[in-house]
Amino acid sequence: MGMESPRKQDLMAVAKGGESREKQERAVGYLQKNGISIMSCFLIGLPDQTEKDVWEMFEYARGLGLEDGYFSVMCPLPGSVLYDEALKEGRLVETDSTKYRLFDMLLTHDHMTAAKVTELCVRLNAKWYDDLLLHQEHRRWSAHGGKKKTLFDYAGKFNVLVGFFAAFWSNEYAMLCRVATS
């Protein structure tokens, strides 16, 4: 699930105006009740977001009991409302979408420097895995009747994630960006 943020103003900034914290919590509840594992991504560096807001988002994500989470620096893709607004306002630092990565700040920000946003991205992801990974693995183990997982099964999840994020740095992604903007 791409929740992005529990804050209404953040959801509006990424054109998810019909989304809300309450809807997110209800969806997570339904899925968890039916035994579905949930992974979600949350965005750092959205307009008007402060460092305090980012840490509150982390606590919100942790409180949901997600199977997995990822915290990414917001990347306004060409064609999105956020990209067009940033370009019009002169807030876009980089216009070459082939250089976009999930941990670089591409907009000037009123409350945080690019270095602070990158630092938060690293710290939140590290804290998520340091604090929650062992607890999550215990929950998975319990949910599967205490059966041991093979290393292959455990590593498979990370293989999928690595493959997904590798696409962002590949030439194919750069080509897709050029096609999308032409």
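1. Helices here are DSSP runs of at least four residues, numbered from the N terminus. The model is predicted. By that definition, the protein chain has seven helices and two strands. Their order along the sequence is α-α-β-α-β-α-α-α-α.

2. Some totals for the chain. The protein chain has 182 residues, of which 37% count as buried. The protein chain exposes about 10500 Å², and carbon and sulfur atoms supply 60% of this area. When contacts between residues at least 6 apart in sequence are taken, 68% of them join residues at least 24 apart.

3. Helix H3 covers residues 51-63 and holds both Trp-55 and Phe-58. These two residues are three apart, about one turn of the helix. Their rings form an edge-to-face aromatic pair, with 5.9 Å centre to centre and 70 degrees between the planes. In the protein chain the count of aromatic pairs comes to five.

4. Is Phe-58 buried or exposed? Phe-58 has a relative accessible area of 0%, and buried means under 20%, so Phe-58 counts as buried.

5. Phe-58 also pairs with Trp-128, again edge-to-face. Here the centres are 6.1 Å apart and the planes stand at 85 degrees. Phe-58 lies in helix H3 and Trp-128 in helix H5 (residues 114-143), so this pair ties together parts that are 70 residues apart in sequence. Both Phe-58 and Trp-128 are buried.

6. Which residues make up the ring cluster? Ring pairs link Phe-42, Trp-55, Phe-58, Phe-71 and Trp-128. The two pairs described above, Trp-55 with Phe-58 and Phe-58 with Trp-128, involve members of this cluster.

7. Turning to charged side chains, the count of salt bridges comes to 11. One of them joins Asp-53 to Arg-7, with the closest N and O atoms 3.0 Å apart. Asp-53 sits in helix H3, while Arg-7 is in the segment before helix H1 (8-13), so the bridge ties together parts 46 residues apart in sequence. Both Asp-53 and Arg-7 are buried.

8. A second salt bridge involving helix H3 is that of Glu-59 with Arg-62, where the closest N and O atoms are 2.8 Å apart. Both residues lie in helix H3, three residues apart, about one turn of the helix. How exposed are the two partners? Glu-59 has a relative accessible area of 39%, which means that it is partly exposed. Arg-62, at 28%, is partly exposed as well.

9. Asp-110 and Arg-91 meet through their side chains in a salt bridge, at 3.4 Å from N to O. Asp-110 and Arg-91 are each in the loop between helix H4 (81-89) and H5, 19 residues apart, and the pair links distant parts of the chain. Asp-110 has a relative accessible area of 56%; exposed means over 50%, so Asp-110 counts as exposed.

10. Salt bridges also link Glu-51, Lys-116, Glu-119 and Arg-123 into a network. Residue 51 falls within helix H3 (residues 51-63), and residues 116, 119 and 123 fall within helix H5 (residues 114-143).

11. To summarise helix H3: Phe-58 in this helix pairs with Trp-128 of helix H5, Asp-53 bridges to Arg-7 in the segment before helix H1, and Glu-59 bridges to Arg-62 within helix H3.

Notes. Residues numbered from 1 in each chain as written. Predicted model: local features only at pLDDT ≥ 70, side-chain atom pairs only at ≥ 80, totals over all residues. Heavy atoms only, no water. Buried < 20%, exposed > 50% of the residue type's maximum accessible area, 1.4 Å probe, protein only. Contact = heavy atoms within 4.5 Å. Areas by Shrake-Rupley, 256 points an atom, 1.4 Å probe, with all protein chains shown as cover. Phe/Tyr/Trp six-rings, centres within 6.5 Å; stacked < 30°, edge-to-face > 60°. Salt bridge = Lys/Arg side-chain N within 4 Å of Asp/Glu carboxyl O.
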